[in-house]
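Open the model in your viewer and keep the sequence panel beside it. The stops below say what to select and what is to be found there.

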Amino acid sequence: MTTYWSAAIETASVGEVERLQRDGLRRTLRACLRVPHYRDRLARAGVDPAAVRCADDLASVPFMDKDQLRAMQPWGVCATPLADVARFNATTGTTGLPCNIAFTRLDLDDIGELGARNLTAMGVNGDDIAWQCYGYGLWIGGSALDRAYERVGVTAFPAGPGRTSLAIERLRDLGVTVISCTPTFALLLVERAREAGIDPATDWNLRVGIFGGETMSPAAVDLLTEAMPAGFQAHNTYGTTELGGPFVAGTCEFSAAQGTVHVWADHHLVEIVDPESGARVTQPGVTGELVVTSLRREASPMLRWRTRDLTSWAADAYDCPCGRRAHPKISWVSGRTDDVLKVRGTLVMPSQVDDVVRATVGTGAGWQLVVDKDPEGLRATEATVVVEVAGGLDESVVADIGRRLADRLGIRLPVLASRERELPRYEGKARRVLSVTEFAEVAPSLAALVGARPGTVAEPAR
């Protein structure tokens, strides 16, 4: 039976939530006018903030992006006095300089509220025991999950990423029922558990996985579901530090099966735009870039924040059996605009490669997409897929991956096989795309073979 954390707002009508969005948009614009960067950008664009009253009026408002945010460091977007800032978190710095993001006490309370909604929609309750593996430090992931677990009454272990050997034993010995981590780390835990003689399907009691922090392919979900105890459900939580943490959107039991997430529309006004033109994408199923305007943030309001994440509107965006109809559904993020590669004129996303590799029988846990691009940008990117093959170097597996990739992408990519455990393991966000130079640092015995003829099977030096 569907349960809610805040039933009144979660089951509110579309009209009611749109009214809250209009109120929140006015509040956000007032906050933005206290930030010189926003004030100047709006003035240069000729936008009268008083005229921006609803979602349609946002089309005239300039986008905010990571380059602008980096230029505003060290304090970033700060619409309140420092005395009112309870804490700063920072972005991971995956694509450049980490950016500081400020939070008031109300902002932190909202993280707990949205996290509790997410957990409850996923079927988590106060009887659960959670193993929390998202990172701590300046990154917001771990502390945000802690707040959500505390709000719901879950018994939580703030383990953070790593300590894999301890984790596989504690998941068994403590009867843990919920795990929160990246899907890559969950697959690593399954791999290490089996190596230690622990069968996740029978020795663990996990029933809910709260996965996020990176793209999660359908094939990876299938692998995790098959490996876990009967009834296990993989859920997706989405967010960014800039937008206040990992609870911008999340799955219910129905949307999880559909590959979509509900956006909490009373806190976030979302648009999907064409990454090149910035024009709005309204047709269901058409991929575009997610743009989000915060509606309640005090310290660091975000006005048309370009997430760089690629998604699309669900066909039934405002209709779900769970009853959260005013909180629209978008597809799971399929990649990022800055991750999309152009290989011989064809666009290639790491998530497409991940889906093929995970769905191919005989592959191990590790894979990398190694790119070689002329530093002057005079020729197209070339890419080699490097995959671990379980149980030895089997040329038939390499050929199978090559055929599947060609069918999926429309071009042939060289596929290089390695032995198990030859490639890096990731306990946080996986770095699936590496340059030839970066790959040489983590797998020097394989680097010389990158770009070899399709179907090459590597025999790494011993």
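Is Cys32 buried or exposed? Select Cys32 in this predicted model: with a relative accessible area of 0%, Cys32 is buried.

**Cysteines**

Stay with the cysteines for a moment. The count of disulfides is 0. Cys32 takes part in none, and the nearest cysteine sulfur, that of Cys78, is 12 Å away. Now select Cys252 and Cys320. The sulfur of Cys252 has its closest cysteine sulfur in Cys320, at 3.7 Å, which is too far for a bond, because a disulfide needs the two sulfur atoms within 2.5 Å. Cys252 is buried too, with a relative accessible area of 1%.

**The loop between H4 and S1**

Move to the loop between helix H4 (66–71) and strand S1 (87–90), where Pro74 lies. Show the backbone here: the peptide bond that joins Gln73 and Pro74 is cis, with omega at about 20°. Most peptide bonds are trans.

Next, show the side chains of Trp75 and Phe88. The structure holds 4 aromatic pairs. In one of them, the ring centres of Trp75 and Phe88 are 5.6 Å apart and the planes meet at 50°, so the pair counts as tilted. Trp75 belongs to the loop between H4 and S1 and Phe88 to strand S1, with 13 residues from one to the other, and the pair links distant parts of the chain. Trp75 is partly exposed, at 47% relative accessibility. Phe88 is also partly exposed, at 24%.

**Two arginines over rings**

Select Phe63 and Arg306. The charged end of Arg306 sits over the ring of Phe63, 4.8 Å from the ring centre. Then select Arg117 and Trp264: here Arg117 lies over the face of Trp264, at 5.2 Å from the centre of the ring.

**Helix H6**

Select residues 141–152, which make up helix H6. From its first C-alpha to its last, this helix of 12 residues reaches 17 Å, close to the 16 Å expected at 1.5 Å a residue. How many residues of H6 are buried? The count is 9 of 12, and the helix is mostly covered. Among the buried residues are Gly141, Leu145, Tyr149 and Val152. Step on to Gly153, which follows H6 and has a positive phi, near 95°.

**Strand S7 and its neighbours**

Select strand S7, residues 233–240, and colour it by accessibility. S7 is mostly covered, with 6 of its 8 residues buried. Add strand S6 (residues 208–211), which runs parallel to S7 and is joined to it by 4 bridges. To find the register, look at Phe211, which stands opposite Asn236 in S7. Now add helix H10 (residues 218–227): S6, H10 and S7 make a right-handed β-α-β unit.

Which strand pairs with S7 in the antiparallel sense? Strand S8 (residues 245–250) does, over 3 bridges. Thr237 stands opposite Gly250 in S8. S7 and S8 form a hairpin with 4 residues between them, and Gly244 in the turn has a positive phi of about 105°.

**The sheet S10-S11-S12-S14**

Hide the hairpin and show the open sheet of 4 strands, whose order is S10-S11-S12-S14 with antiparallel pairing. The edge strands are S10 (268–273) and S14 (335–336), each of which pairs on one side only. Between S10 and S11 there are 6 bridges, in the antiparallel sense. To follow that pairing, label Ile272 and its bridge partner in S11, Leu290.

**Two arginines with positive phi**

Most residues other than glycine have a negative phi. Select Arg304, in the loop between strand S11 (288–294) and strand S12 (305–311). Its phi is positive, near 55°. Arg304 counts as buried, at 3% relative accessibility.

The last selection is Arg421, in the loop between strand S19 (415–418) and strand S20 (433–435). Arg421 has a positive phi of about 70°. Is Arg421 buried or partly exposed? Its relative accessible area is 44%, and Arg421 is therefore partly exposed.

Note on methods. Residues numbered from 1 in each chain as written. Predicted model: local features only at pLDDT ≥ 70, side-chain atom pairs only at ≥ 80, totals over all residues. Heavy atoms only, no water. Expected span 1.5 Å × (residues − 1). Buried < 20%, exposed > 50% of the residue type's maximum accessible area, 1.4 Å probe, protein only. Phe/Tyr/Trp six-rings, centres within 6.5 Å; stacked < 30°, edge-to-face > 60°. Lys NZ or Arg CZ within 6 Å of the ring centre and 35° of its normal. Pairing = 2+ DSSP bridges. Right-handed = clockwise from strand over helix to strand, strands pointing away.
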